[in-house]
Every structure is written in structure tokens, then in C-alpha cells.
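Grab your viewer and work through the exercises below. Each one comes with a task and a step-by-step solution.

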Amino acid sequence: FSATKAPLAQPRNAILGNGLGALAGVAVFKAFELFGKADAPELLWLRVALAVPSAIVMQEMAGAVHPPGGATAIIFLIMRPLHLLSFAFVVSPAMFGAAIFVCIALLTNNLSAARAYPQTWW
């Protein structure tokens, strides 16, 4: 909300970057699920170590880098109740939640004539 001119904070990066982070987290979880190790606590470090760089690579490839998207991947992996959402987690809460944040940023950052958000839409 305070870095209104930062490219990484624009709506495309925020929404798509969070979605890609979520997709990375779910994909890593599903890959471990194939081997029966999706919930193995001793491998959480490995799941996180694979999910975050995967999220970064996907964001870079899509041109939508948003650093909190890496945290979105971690959140999916460490919050067991979210595992039930599977790929639905990508849409809601990840992308939908980011869209809500963008709407709030639109309202709060455009209250002052000295600030303007967003700089670019998509």
C-alpha cells in the first residue's frame, strides 16, 4: 500500500504473482502426494525449498513478479486445512484475495492527490 509506483505492486503482478505462487505450492504438494509424502513433517523444508523457487521462476516467465507470491506458496504448504482446497486455492483465496487487496489499494491510495495507484493495470 505504500509503494504505489513499484512495478512489483501493480495489479497484474499482485494478482497473477499470488496466483502463480499458489499454483507452485499446490503443484509441489501434489507431487509429494504422489509418493505418499505430502504431509510428512520431516520433508516440509524440502517442499518449501522447491515451491518458493518454482513460484519465482513461474512469475519471472509470466513477467508478473510479486515477492509475496512466494509466501503464498509457503502458506499453502504449512497450513494443513488448506490442503483440502487443492487447486481451488489458486483462485480463492490466492487470486481473489489479491484482487480484494488491489481494490483496497485503489481506494486508499487515490484519496490523496499526491498519490496515484495503479501506475499500470495489466
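**Exercise 1.** Work out where His66 lies, and whether it is buried or exposed.

*Solution.* Start with the position: in this predicted model, His66 sits in the loop that runs between α2 (44–62) and α3 (68–78). Next, take its relative accessibility, which is 12%. The cut-off for buried is under 20%, so His66 counts as buried at 12%. Finally, list what it touches. Skipping residues up to four places away in sequence, His66 touches Leu8, Asn13, Ala14, Gly17, Asn18 and Gln59.

**Exercise 2.** Describe the largest pocket: how much space lies in it, and which elements line it?

*Solution.* First the volume: about 310 Å³ of space lies in the largest pocket. Then the lining, which has 18 residues; Phe1, Ala9, Ala14, His66 and Phe101 are the closest to the pocket centre. So His66 from the first exercise turns up again here, as part of this lining. Now sort by element. Two or more lining residues come from each of α1 (11–34) and α4 (88–109), and α4 gives the most, with eight residues. Last, check the chemistry: the lining divides into twelve nonpolar and six polar residues, with no charged ones.

**Exercise 3.** Find where Trp121 lies and which residues it contacts outside its own sequence neighbourhood.

*Solution.* Trp121 is in the segment after α4. With a relative accessibility of 53%, Trp121 counts as exposed, because the exposed class begins over 50%. Leave out neighbours within four places in sequence, and its contacts are Pro11, Arg12 and Leu106. For a distance check, pick Asn13: it is 108 residues from Trp121 along the chain, and their C-alpha atoms are separated by 9.4 Å.

**Exercise 4.** Take apart the nonpolar cores: which residues of the largest one touch the most other members, and which elements supply it?

*Solution.* The largest nonpolar core has 14 residues, and the ones touching the most other members are Ala22, Val26, Phe29, Ala51, Phe76, Leu77 and Phe89. By element, α1, α3 and α4 each give two or more residues to this core, with the largest share, five residues, coming from α1. Zoom in on Phe29: not counting residues up to four places away in sequence, Phe29 touches Ala38, Asp39, Phe76, Leu77 and His83. To finish, there's a second, separate core of six residues, among them Ala14, Ala98, Val102 and Tyr117. Ala14 is also one of the residues closest to the centre of the largest pocket.

Definitions and conventions
Residues are numbered from 1 along each chain as its sequence is written. This is a predicted model: local features need pLDDT of at least 70, side-chain atom pairs count only at pLDDT 80 or more; totals for chains, interfaces and linings use all residues. Side-chain values use heavy atoms; hydrogens and water are left out. On a 1 Å grid over the protein atoms alone, a cavity is a set of points where a 1.4 Å probe fits but cannot get out, and a pocket is an open set with protein on both sides within 12 Å along at least five of seven lines; lining residues have an atom within 4 Å of a point. Grid points are joined across faces, edges and corners, and a volume is the space filled by probe spheres set on the points. Helices (H or I, at least four residues) and strands (E, at least two) are DSSP runs, numbered from the N terminus. Ala, Val, Leu, Ile, Met, Phe, Trp, Tyr, Cys and Pro count as nonpolar, Asp, Glu, Lys and Arg as charged, and the others, Gly among them, as polar. Buried means under 20% relative accessible area, exposed over 50%, partly exposed in between (1.4 Å probe, protein chains only). Contact means heavy atoms within 4.5 Å. A nonpolar core is a set of buried Ala, Val, Leu, Ile, Met, Phe, Trp, Tyr and Cys residues joined through side-chain atoms within 4.5 Å.
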